[in-house]
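Subject: The structure for you to look at

Hi there,

Here is the structure I promised to pass on. Please open it alongside this email, and then read on for my notes.

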Amino acid sequence: MDAVVAALVEEVTAGLRAAGDPGTAEWAKRYLKSDLRHYGVRMPVVRDLVAGALRVHGPLGRAQVVSCARELWRPEVHESRIAAGVLLERRVRVLVAEDTALLEELLRDSRTWALVDLLAGSVAGRLLLRCPGALDACRGWAAEEEQWIRRSGVLSFLVPLGDRDGFGRYWPVFTEVADPLLEDPRFFVRKALGWVLRQAGGKHPDEVYAWILPRAGRSSGVTVREAVRRLDAVRREEVLEAYRHGRG
């Protein structure tokens, strides 16, 4: 193993162990219904540990980032896997479209929103914004039946649709991907759709309104409620009424 990679992984791992709290660990494991070991380290502390290690041992090249992420993911420890995601997030600028294969590998091993949302919503989303070549992978995830991979595909559009340039490029793609998913019965898919629509509605309420209004009647309540959060009161009520009419 690269000496820099080994030192960084050891520093982060030791920091996670030292910062752990048994009460927090027990609560988080129960809340997430997790089969991983938990140290009980809160997210801000994990972020600080990764940032500190990168200041000491960085900057890392792409191969080192990938190796560090794999090494941090290897233990079946929740916070170590969170640290892997945070490291990829902080160094996403060195990743390339082909690294969606690494992200997919980690996503398939995640089995919880707490890991999926970081890897998909933040890392894959930032990668997609930088590298349009990542789009095929993201579309493929959304088309899969497995709940967490489908959620990942939806959330990969979260960052791009919040970006001025990214919206113009990816809104038509997202709406094409999202339309057949509106009737997915699973909460975590429905919530992800609404979350992305809410994000897009912050700067582009006209487009979100025009898209969701004729589809509100076949959308879930959680999707619609999230989608209308950034619309004005009149449009919000119009979409909600269309939802109620479709359900009535």
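Below is what turned up about surface patches and salt bridges.

Please keep in mind that this is a predicted model.

**Surface patches**

Let me begin with the outside. Four arginines, R55, R90, R93 and R130, form a positive surface patch. If you want one of them to start from, try R93, which sits in the loop between α5 (78-90) and α6 (100-108). R93 has a relative accessible area of 53%, and because the cut-off for exposed is over 50%, R93 counts as exposed.

There is also a nonpolar surface patch of about 340 Å², made by W27, Y31 and W113. Within this patch, W27 belongs to helix α2 (residues 22-31). With a relative accessible area of 44%, W27 is partly exposed.

**Salt bridges**

How many salt bridges does the structure hold? The count is 25, and a few of them are worth a visit on your screen.

Let me take D206 and R235 to begin with. Their closest N and O atoms are 2.6 Å apart, and the two residues form a salt bridge. This pair links distant parts of the chain, as D206 is in helix α13 and R235 is in helix α15 (residues 233-247), 29 residues apart. Both ends are partly exposed: D206 has 45% relative accessibility, and R235 has a relative accessible area of 24%.

Another salt bridge joins E183 to R218, with 3.4 Å between the closest N and O atoms. Here too, distant parts of the chain are linked: E183 lies in the loop between α11 (164-178) and α12 (187-201), and R218 lies in the loop between α13 (205-212) and α14 (221-227), 35 residues apart. E183 is exposed at 53% relative accessibility, whereas R218 is partly exposed at 28%.

Then there is the pair R150 and E145, whose side chains meet in a salt bridge at 3.5 Å, N to O. Which of these two is buried and which is exposed? R150 is the buried partner, with a relative accessible area of 10%, because buried means under 20%. E145, by contrast, is exposed, with a relative accessible area of 54%.

Finally, look for D35, R81, D109 and R111, which are linked in a network of salt bridges.

Happy browsing, and do write back with any questions!

Best wishes

Definitions and conventions. Residues are numbered from 1 along each chain as its sequence is written. This is a predicted model: local features need pLDDT of at least 70, side-chain atom pairs count only at pLDDT 80 or more; totals for chains, interfaces and linings use all residues. Side-chain values use heavy atoms; hydrogens and water are left out. Patches are made of residues with over 30% relative accessible area and no salt bridge: like charges are joined within 9 Å, nonpolar side chains (Val, Leu, Ile, Met, Phe, Trp, Tyr) within 5 Å. Accessible areas come from the Shrake-Rupley method with a 1.4 Å probe; for residues, only the protein chains shown count as cover. Lys and Arg count as positive and Asp and Glu as negative; His and the chain ends are not counted. The place of a charge is taken as NZ of Lys, CZ of Arg, CG of Asp or CD of Glu. Helices (H or I, at least four residues) and strands (E, at least two) are DSSP runs, numbered from the N terminus. Buried means under 20% relative accessible area, exposed over 50%, partly exposed in between (1.4 Å probe, protein chains only).
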